[in-house]
Amino acid sequence: MRSLLLAHLLLPLLLVACRDVDRKPNFVLMMVDDLGIGDVGCYGNDTIRTPNIDRLASEGVKLTQHIAAAPLCTPSRTAFVTGRYALRSGLASAGSVQVLLFLGGSGGLPSTETTFAKRLQLSGYATGLVGKWHLGVNCEKRGDHCHHPNQHGFSYFYGLPFTLFNDCVPGEGSDVMAGIQHTLGNLTVMLGVGLLSLVCVRVCGLLEVSLGLLVALVLLSTLTAAVWYIPFKHLRTWNCILMRNQEVVEQPMTVETLPDRLLKEAQNFIKRNVDHPFLLFFSLAHIHTPLFKTPAFAGKSRHGRYGDNLEEVDWMIGKITETVDSLGLANNTLMYFTSDHGGHIEDADSTIGQKGGWNGIYKGGKAMGGWEGGIRVPGIFRWPGRLAAGRVVDEPTSLMDLYPTLKYLAEDTQPDRQSDGFNLMPLLEGKVKRSEHEFMFHYCGIYLNAVRWHPAGTDSVFKAHFFTPNFSPPGAGGCYDTKICLCHGGHVTHHDPPLLFDLFRDPSESRPLTPGTEPRYAEILEQTTGAVGRHRDTLANQQLSEGSRPLAQADRVTSQMTLDRILWRPWLQPCCGTFPFCGCEEDTARV
């Protein structure tokens, strides 16, 4: 009898153990928007409290040279989900606009691309994206959803198909084509004043003004006003929306309650899929501006509203970790924490103070494709029982490595297309000491900004800059006059020969190498030049640019970042209700 009772007690435990042995691992990927590597405690910050992120690092593996493939949202996230440089997908720009600007534009992640979500979906995974997408929605008509997360392998989507930006909160200013908005506004006023003056002149009989001229001016004034007012003065309605799968559930979204809703959706996705393998990409709306004002965190940090927001991020990461652990999933779940690129160092004002991130000892920041501060980001993996706790990896790694790593762990051996990442598991588990990234290529738009070389048999990591942004005012550490650096034309300085640094000895990139200080100087130039040539050969259907000189190929991937694809098209605008009367509020009881 006693043996029978013991068998009944042990059977459920044995079944759970067998389930975990046979089951493929779960994946929880957490990405913060615009987070600087210097913002996090385990990366050297001792004034902002990030105990939950630090705990992930102490219980897992911390990467110290984890590199984003681009210094801005759209191209970086493209590379992250596809495992390929954004240039291969047509999501790299030749101009000043480097990210998608309107949900009603036609640009986005092409349907021909493959994401890690699609690969895992085909391997039987439940796949979900909660939070920011920023890779497009529609192509030819409202509702075709050709760029939507559901079409790219995410079975479930809840969040921002665009991004959180200043236009989402009244009084925070505008992020979208502010210069063009100002010009169109002034032109509208000038045409209006001119039209009114001519009408007065005609009515008073001071001068003969033809009716045809007045009609033409009325039409021109109306058109100019429409082009300015309709797309730009309603940006909060057009861009600041929430979707659940392909349904617009809130337009415009209520920003104040967004963090709580995103967190609950992420937790609920994990709970719904506890009994089978899942992939969750939790893409936080933090810490992009406008900064949140959540009462529970307001005024609690030592770094103003930015610090408050970061401590809220840490709390949210802790709640996700707590959910995984409380459901008994920790030993079969790979958790990953990162940022899409470096912090925005130029973003500050006299009222709030610093609104962008801190990139520690690394030069530059967001939008700078060559300097480390724009592309070196946190990278933390936790997997109890599989990855040794407290391990630190100093080798070069990339956000693009997630794609092949997830494929490997999901036992996906099907043929795939050209990849720019490598499976990280041998490095994370300590089975190898060296990264497979001998060379890495750093882009700003379509322009090849810099090349990184990690020679065998040495700790050195050499980097060759083909151009660097012109900081303003002179002597500053960023582009404070323009608020963000650009990577073309007169906004950059070209270097021939390239500007060389050894990141192992000079991670702040403050001491350029010369033939007199570096014995391998000529070899570095030769090796990086050869690597660029070989890399260019893999771009047979793309457009590559070394420095700012385009190297066009016979056939190109269709660019998704041309002006006609970026600009707003009314017939592509997602809308709840009858366009243009778009407006709805989410039933939060469903969350």
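Is Thr468 buried or exposed? Thr468 is buried, since its relative accessible area of 8% is under the 20% cut-off. Please read this, and the points below, as notes on a predicted model.

1. Let me stay with Thr468 for a moment. This residue is found in strand β16, and its side chain is joined to that of His495 by a polar contact of 2.8 Å. Further along, Ala476 lies in the loop that runs between β16 (462-469) and β17 (492-502). Ala476 counts as partly exposed, at 23% relative accessibility. If you want a sense of scale, Ala476 and Ser419 are 57 residues apart in sequence, and their C-alpha atoms are 37 Å apart in space.

2. On to charges. The structure holds 34 salt bridges, and a few are worth opening in your viewer. Arg49 and Glu311 meet through their side chains at 2.8 Å, N to O. That pair links distant parts of the chain, with Arg49 in the loop between β1 (26-32) and α2 (51-58) and Glu311 in helix α9 (residues 304-326), 262 residues apart. Glu311 is buried, at a relative accessible area of 9%.

3. Helix α9 also takes part in a second bridge: Arg382 pairs with Asp325, and the closest N and O atoms are 2.7 Å apart. Here Arg382 belongs to strand β11 (residues 376-382) and Asp325 to helix α9, 57 residues apart. The two partners make a nice contrast: Arg382 counts as buried at 2% relative accessibility, whereas Asp325 is partly exposed at 26%.

4. Next, look at Glu113 and Arg84, whose side chains form a salt bridge of 2.9 Å, N to O. Both lie in the loop between α3 (73-82) and α4 (116-122), so the pair ties together parts that are 29 residues apart in sequence. Glu113 is buried at 5% relative accessibility, and Arg84 is buried as well, at 9%. These two belong to a network of salt bridges that also links Arg119, Lys407, Asp412, Asp416 and Arg417.

5. Lys407 from that network brings us to helix α11 (residues 402-409), which is mostly covered, with seven of its eight residues buried. Lys407 is one of the buried residues, and the others are Leu402, Tyr403, Pro404, Thr405, Leu406 and Leu409. Just after α11, Glu411 takes a positive phi of about 60°.

6. Now the aromatic side chains, where the count comes to 20 pairs. Take Trp568 and Phe579: their ring centres are 6.3 Å apart and their planes meet at 40°, so the pair is tilted. Trp568 sits in the loop between α14 (563-566) and β20 (577-578), and Phe579 in the loop between β20 and β21 (581-582), so the pair ties together parts that are 11 residues apart in sequence. Trp568 is buried at 14% relative accessible area, while Phe579 is partly exposed at 24%.

7. Phe579 has another partner too: the charged end of Arg142 sits over its ring, 4.7 Å from the centre. A similar arrangement puts the charged end of Arg272 over the ring of Tyr156, 4.8 Å from the centre. Elsewhere, ring pairs link Phe80, Phe116, Trp133, Phe154, Phe281, Tyr336 and Phe381 into a cluster.

8. Finally, the surface. Leu211, Val215 and Leu219 form a nonpolar patch there, with about 300 Å² of accessible area together. Leu219 is found in helix α6 (residues 211-232), and at 57% relative accessibility this leucine counts as exposed.

Technical notes:
Residues are numbered from 1 along each chain as its sequence is written. This is a predicted model: local features need pLDDT of at least 70, side-chain atom pairs count only at pLDDT 80 or more; totals for chains, interfaces and linings use all residues. Side-chain values use heavy atoms; hydrogens and water are left out. Helices (H or I, at least four residues) and strands (E, at least two) are DSSP runs, numbered from the N terminus. Buried means under 20% relative accessible area, exposed over 50%, partly exposed in between (1.4 Å probe, protein chains only). Rings of Phe, Tyr and Trp (its six-membered ring) pair if their centres lie within 6.5 Å; planes under 30 degrees apart count as stacked, over 60 as edge-to-face and the rest as tilted. A charge sits over a ring if NZ of Lys or CZ of Arg is within 6 Å of the ring centre and within 35 degrees of the ring normal. Patches are made of residues with over 30% relative accessible area and no salt bridge: like charges are joined within 9 Å, nonpolar side chains (Val, Leu, Ile, Met, Phe, Trp, Tyr) within 5 Å. Accessible areas come from the Shrake-Rupley method with a 1.4 Å probe; for residues, only the protein chains shown count as cover. A salt bridge is a side-chain nitrogen of Lys or Arg within 4 Å of a carboxyl oxygen of Asp or Glu. A polar contact is a pair of N or O atoms within 3.5 Å; within protein, one must be able to donate a hydrogen and the other to accept it, and residues adjacent in sequence count only if both atoms are side-chain atoms.
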